[in-house]
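Here is a short walk through one protein chain, starting with how its strands pair up and ending with its aromatic rings. Keep the structure open while you read.

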Amino acid sequence: MTDMGELIQTFRFTVTLTAAKSSVPASVPQLGIGAFAECSGLELEADVQEYLEGGRNDGVVRRVGRVKLTPLVLKRGMFIPAPPTPDNPQAGAGPGGSDTGTADSALWDWLTGMVSGKLPIPRYNGLIQVWSPDGRREVASWTFWRGLPNQVSGPALNAKTGEVAVEELHIVHEGLRFGSSP
């Protein structure tokens, strides 16, 4: 299994996907912990509406409308299996309960379940943590909730390069907050 400290030193931020609380229990409580080379989409945009008031000629009234959310885009990275927990003692383990050193398929299973029409589709909350250069201290974090995979692209396989397991992952979500509080 890949050492988490090694991933943090290389990528400097991690992404953790955990099952969202809903009436539909997820088959996998935590999809794993991922490290990626790039993350974009950590943005919110408020739609500001302007209202012209009769008799007020020196300005306009501005009111906040809907907030637009941008899909998160994670590029060039991988997920390692979730560590075992009391609720999921087989997490991080291959067949027979031991680490096999193989890629974790939970992310692909989540997307292919959606593509194949398996209903209901579980949603996952995410935590994106930026780490200090030594990997010992969190310096910033974002949380998103009720995410769904929008697109997953695997790498172009080339025997001369050590490509990663996920080239690009797009996640649409229902909210984003700076800081790790839920």
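## Strand pairing

Two strands pair if DSSP finds at least two bridges between them. In this predicted model, β5 and β8 clear that bar: five bridges join them, and the two strands run antiparallel. Within that pairing, Val73 stands opposite His170 in β8.

β5 also has a partner in β2, again in the antiparallel sense, this time over seven bridges. Pick out Gly34 and you'll find that its bridge partner in β5 is Phe79.

## The overall layout

Stepping back, the chain has two helices and nine strands. Read along the sequence, they come in the pattern α-β-β-β-β-β-α-β-β-β-β.

How much of the chain is buried? Buried residues make up 33% of its 182 residues. As for the outside, the chain exposes about 11,000 Å², with carbon and sulfur atoms supplying 52% of that. Looking at contacts between residues at least 6 apart in sequence, 63% join residues at least 24 apart.

## The nonpolar core

The largest nonpolar core has 22 residues. Val15, Leu17, Phe36, Ile128, Phe144 and Leu169 are the ones with the most contacts inside it. Which elements give two or more residues to this core? They are β1 (13–19), β2 (30–40), β5 (72–80), α2, β6, β7 and β8 (166–172).

Leu169 is a good residue to click on. Leaving aside residues up to four places away in sequence, Leu169 touches Leu72, Val73, Leu74, Phe79, Leu107, Gln151 and Val152.

## Helix α2 and its buried side

Now for α2, whose buried residues are Ala106, Leu107, Trp110, Leu111 and Gly113. Those residues cover an arc of only 155 degrees around the axis, so they sit on the same side of α2. The general background is simple: an α-helix has 3.6 residues a turn, so residues three or four places apart point the same way. The buried residues of α2 pack against β1, β2, β5, β6, β7 and β8.

Trp108 is in α2 too, but it is partly exposed, because its relative accessible area of 32% falls between the 20% and 50% cut-offs. Trp108 and Leu31 are 77 residues apart in sequence, yet their C-alpha atoms are 10.0 Å apart in space. Just after α2, Gly117 takes a positive phi of about 90 degrees.

## Two aromatic pairs

How many aromatic pairs are there? The count comes to two. One is Trp110 with Tyr124, edge-to-face, at 4.9 Å centre to centre and with 75 degrees between the planes. Trp110 lies in α2 (residues 106–115) and Tyr124 in β6 (residues 124–131), so this pair ties together parts that are 14 residues apart in sequence. Are these two residues buried or exposed? Both Trp110 and Tyr124 are buried.

Then there's Trp142 with Phe178, also edge-to-face, at 5.2 Å centre to centre and 70 degrees between the planes. Trp142 belongs to β7 (residues 138–153) and Phe178 to β9 (residues 175–178), so here the parts tied together are 36 residues apart in sequence. Phe178 counts as exposed because its relative accessibility is 57%, and the cut-off for exposed is over 50%.

Definitions and conventions
Residues numbered from 1 in each chain as written. Predicted model: local features only at pLDDT ≥ 70, side-chain atom pairs only at ≥ 80, totals over all residues. Heavy atoms only, no water. Phe/Tyr/Trp six-rings, centres within 6.5 Å; stacked < 30°, edge-to-face > 60°. Helix = DSSP H or I, 4+ residues; strand = E, 2+ residues; numbered from the N terminus. Buried < 20%, exposed > 50% of the residue type's maximum accessible area, 1.4 Å probe, protein only. Contact = heavy atoms within 4.5 Å. Areas by Shrake-Rupley, 256 points an atom, 1.4 Å probe, with all protein chains shown as cover. Core = buried A, V, L, I, M, F, W, Y, C linked by side-chain atoms within 4.5 Å. Arc of directions from axis to C-beta.
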